[in-house]
Amino acid sequence: MKMRAEGFLNMNTVAVVAWLLNFNIVFCFAHIHGFGDQPLSKIAIHKAVVSLHSAASITATPSLLGTKGEDTQLVTVDIDYPEPSADDWIGVFSPAKLNSSTCPPVSDPREEIPYICSAPIKFKFLNYSNSHYTKTGKGSLKFQLINQRADFSFALFSGGLLNPKLVAVSNFISFVNPKVPLYPRLAQGKSWDEMTVTWTSGYHINEAIPFVEWGSEGKTQVQSPAGTLTFGRNSMCGSPARTVGWRDPGFIHTSFLKNLWPNLVYTYRLGHLLSNGSYIWSKKYSFKSSPYPGQDSLQRVIIFGDMGKAERDGSNEYNAYQPGSLNTTDQLIKDLENIDIVFHIGDITYANGYISQWDQFTAQVEPIASTVPYMIASGNHERDWPNTGSFYDTTDSGGECGVLAQNMFFVPADNRANFWYATDYGMFHFCIADSEHDWREGTEQYKFIEHCLATVDRQKQPWLIFVAHRVLGYSSNTWYAMEGSFEEPMGRESLQKLWQKYKVDIAFYGHVHNYERTCPIYQVKIIA
């Protein structure tokens, strides 16, 4: 991500910039499209053929997960195959059933329905931790699984990733209750004294009523209802999200906790009231409410972009896709007592159309997002898809076209599909732009940006912050320099006069995946 200053800058701002740099910014580094392709996209799963071997065996233990209330657990997979090769691999499938009955109908009668039509949620090569596998045919792998609302199976393939041949399938395993409410994500509501809680479960509203039980520590708890939504395969805009990358997202619930007192610690837990009168509960969490707008106190803001997710068990090609993701996540968790609010400004999971990865990302950031507001912005890997209204006609979202981001996380936008919004935190007023929709003068977003900048009360909130995923200001990044624009094409032409007019203090961008800070600049000149 990038940190930069735009427009008006005074000496007080300089002090704040240094403070943010030294203490409160975490940066992630990667190539804009990750380190290569999404690992799951390298598997030609639609070409898989059945080649079951009578002497091959694969066994997963334990068969029942979460017996002590865990929502993540290590599973041991033992393999015995008399014809081993260096390109044999194990795929984790969920739901566990592997056959064409789960495949959607084909539109062209000349097309053949594949035997397996969904990519695995993760994979490992057998020689990952079994150096003698190719000689003995025996191996053992460990996979870390999270509760994802369905059972699991493990499949042994020969032929590598491009010509997979299904050799053996394991026993099915599952969590005690695959439907339990999990992975809460906090976000600021539309007013400073409102917190939203979003979570995922396997419970349809016909089965159970979702709610949040919450209150200040030591006080009577209250219950707030939650809305529920989901989406189907046809909501995706293209492949792989609509084809091999599709996985049922479950049910996504959001509750609004209102009339919060400032700076107060609240506890909460997620609940579902079943039709038989019994309750399903999550574990208990806590958060600290926002300060009153204008409160003069230490307010610690983390801003980063382009983090992605990675696998702690070494799956998916040894974490080579987003290797800094776990480092960043773990550092945030370590420093959580010194963090008040987080902004993840686009390119969130790099799922790129493999829907299972969103669950895994929400599990990865749960210790953070369940404790402090986790505000997001839209990036090219969430939104962009040709002919769907995105400003850029790339295929970077893998067919998600913004649907996953706008449903999995709450943002206080008037129209969450557009993804631009304002939010306040203490002495800060944030204007979050959506660089994947047109921002130029005369557009709906341009009008929002000007209104957001113009309506800040500088007596209460002296810090006016502009945020977007792509670099809409200045950058010396190589390809921007080669273009001669030193910006995202058309980035600042319409906006810089607004930044200057309303004296924006700091602007943050992601996308480029390296650190850069500029002096205050206007019309290609440094402003003293």
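**Figure 1. Strand 17 pairs with strand 19 in this predicted model.** Four bridges join strand 17 to strand 19 (residues 285-288). The two strands run antiparallel. V265 has K288 in strand 19 as its bridge partner. Strand 17 spans residues 265-274. Seven of its ten residues are buried, so strand 17 is largely enclosed by the rest of the structure.

**Figure 2. Strand 14 also pairs with strand 17.** Strand 14 covers residues 208-216. Nine bridges connect strand 14 to strand 17, and the pairing is antiparallel. One pair to locate is F211 with G271, the latter in strand 17.

**Figure 3. Strands 17 and 18 form a hairpin.** Three bridges join strand 17 to strand 18 (residues 279-281), again in antiparallel fashion. L273 stands opposite Y279 of strand 18. Four residues lie between the two strands. G277 sits in the turn and has a positive phi of about 95°.

**Figure 4. Five strands make an open sheet with mixed pairing.** The strand order is 2-10-9-6-7. Strand 2 (49-50) and strand 7 (122-125) are the edge strands, each pairing on one side only. Within the sheet, strand 9 (residues 153-158) and strand 10 (residues 165-169) run antiparallel. Four bridges join strand 9 to strand 10. F157 has L166 in strand 10 as its bridge partner.

**Figure 5. The buried residues of helix 4 lie on the same side of the helix.** Helix 4 comprises residues 325-334. Its buried residues are S325, L326, T328, T329 and L332. They cover an arc of only 160° around the axis, which puts them on the same side of helix 4. An α-helix has 3.6 residues a turn, so residues three or four places apart point the same way. The buried residues of helix 4 pack against strand 20 (301-304), helix 5 and helix 6 (366-369). N327 and K334 are exposed, on the face turned away from the buried side of helix 4.

**Figure 6. Helix 5 and helix 8 contribute to the lining of the second largest cavity.** The whole structure holds three cavities of 30 Å³ or more. The second largest encloses about 40 Å³ of space. Its lining consists of R149, R247, D248, P249, I355, S356, W358, D359, L404 and M408. Helix 5 (356-364) and helix 8 (403-408) are the elements that give two or more residues to this lining. The largest share, three residues, comes from helix 5. By class, the lining of the second largest cavity has five nonpolar, four charged and one polar residue.

**Figure 7. M375 is buried in the model.** M375 belongs to strand 22 (residues 374-377). Its relative accessible area is 0%. F343 is 32 residues away along the chain, yet the C-alpha atoms of M375 and F343 are separated by 4.7 Å. Neighbours within four places in sequence aside, M375 is in contact with A187, Q188, I341, V342, F343, H344, P412, Y421 and T423.

**Figure 8. The close-ups belong to a chain of 528 residues.** Eleven helices and 28 strands make up its secondary structure. Buried residues account for 59% of the chain. Among contacts between residues at least 6 apart in sequence, 74% join residues at least 24 apart.

Key: Residues are numbered from 1 along each chain as its sequence is written. This is a predicted model: local features need pLDDT of at least 70, side-chain atom pairs count only at pLDDT 80 or more; totals for chains, interfaces and linings use all residues. Side-chain values use heavy atoms; hydrogens and water are left out. Two strands pair if DSSP finds at least two bridges between them. On a 1 Å grid over the protein atoms alone, a cavity is a set of points where a 1.4 Å probe fits but cannot get out, and a pocket is an open set with protein on both sides within 12 Å along at least five of seven lines; lining residues have an atom within 4 Å of a point. Grid points are joined across faces, edges and corners, and a volume is the space filled by probe spheres set on the points. Ala, Val, Leu, Ile, Met, Phe, Trp, Tyr, Cys and Pro count as nonpolar, Asp, Glu, Lys and Arg as charged, and the others, Gly among them, as polar. Buried means under 20% relative accessible area, exposed over 50%, partly exposed in between (1.4 Å probe, protein chains only). The arc is that of the directions from the helix axis to the C-beta atoms. Contact means heavy atoms within 4.5 Å.
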